[in-house]
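Q: I am new to this structure and would like a close look at a single part of it, namely the salt bridges and the surroundings of one residue that takes part in them. Please take me through it step by step.

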Amino acid sequence: MDHLQRPHAFITFLLLLIILHPSHGEVGTSAQYGPPFLPTACYGYDPGQFPSSNLFAAAGDGIWDNGAACGRQYLVKCISAAEPGTCVPEQVIQVRIVDFALTTVSPASEDGTTMVLSDTAFGTIANFTAASINIEFQQYFSLSLTHFFYSIFQKENDQNDRI
């Protein structure tokens with residue numbers, strides 16, 4: 001394979017990997033909480049920490065990771081609840097971790113959950129009257145494909161310039 005075909009083969013492999021990527025979601029529980037939300041354990045009194053969609057969450061002890069969870073994004077889906085019909089079928093949301101569940105200003109609807117979703121986030125995937133739900137969640141990594149491909153081609157061009 002010559003040096004011009006290598007990036008194309010790699011890009012094809014990457015796209016197939018993305019398309020055929022199996023789910024690696026984890027299962028946990030979620031409660032909900034409402035305002036006031038400030039201050040948070042991650043960003044204090046900064047109101048800019050909240051996404052405009054109001055889809056955010058506080059990390060439970062299991063995913064808090066000594067504060068490393070701050071800013072992480074998760075894809076979250078309701079999979080079941082004590083009351084049948086609670087989940088919005090096939091609804092998946094993306095939330096940003098902005099707080100630690102054990103120190104939120106507002107109390108959660110239930111203690112000891114994996115995540116505590118904002119009332120808006122919770123109501124998007126489940127009936128807001130539920131105290132808690134079972135969730136499937138997966139950390140979401142934002143990858144700028146434009147930047148990624150540019151860096152690949154730039155490295156290839158740098159190598160060609162040296163030859």
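A: Helices, of at least four residues, and strands, of at least two, are DSSP runs that are numbered from the N terminus. The model is a predicted one, and in it Arg-72 is placed in the loop between helix 2, which covers 61–64, and strand 3. From this loop, the side chain of Arg-72 joins that of Asp-65 in a salt bridge, with 3.0 Å from N to O. Asp-65 has a relative accessibility of 44%, and therefore counts as partly exposed, since that class lies between the limits of 20% for buried and 50% for exposed. The side chain of Arg-72 also reaches a backbone oxygen, that of Ala-68, at 3.5 Å.

If neighbours within four places in sequence are set aside, the residues in contact with Arg-72 are Ile-63, Asp-65, Val-95, Arg-96, Ile-97 and Gln-139. As for Gln-139, this residue is 67 residues away from Arg-72 along the chain, while the C-alpha atoms of the two are separated by 7.2 Å.

The structure holds two salt bridges, and the other pair is Lys-77 with Glu-90, whose side chains meet at 3.3 Å, again taken from N to O. Lys-77 belongs to strand 3 (residues 73–80), whereas Glu-90 sits in the loop between strand 3 and strand 4 (92–100), so this pair ties together parts that are 13 residues apart in sequence. Glu-90, at 64% relative accessibility, counts as exposed.

Key
Residues are numbered from 1 along each chain as its sequence is written. This is a predicted model: local features need pLDDT of at least 70, side-chain atom pairs count only at pLDDT 80 or more; totals for chains, interfaces and linings use all residues. Side-chain values use heavy atoms; hydrogens and water are left out. A salt bridge is a side-chain nitrogen of Lys or Arg within 4 Å of a carboxyl oxygen of Asp or Glu. Buried means under 20% relative accessible area, exposed over 50%, partly exposed in between (1.4 Å probe, protein chains only). Contact means heavy atoms within 4.5 Å. A polar contact is a pair of N or O atoms within 3.5 Å; within protein, one must be able to donate a hydrogen and the other to accept it, and residues adjacent in sequence count only if both atoms are side-chain atoms.
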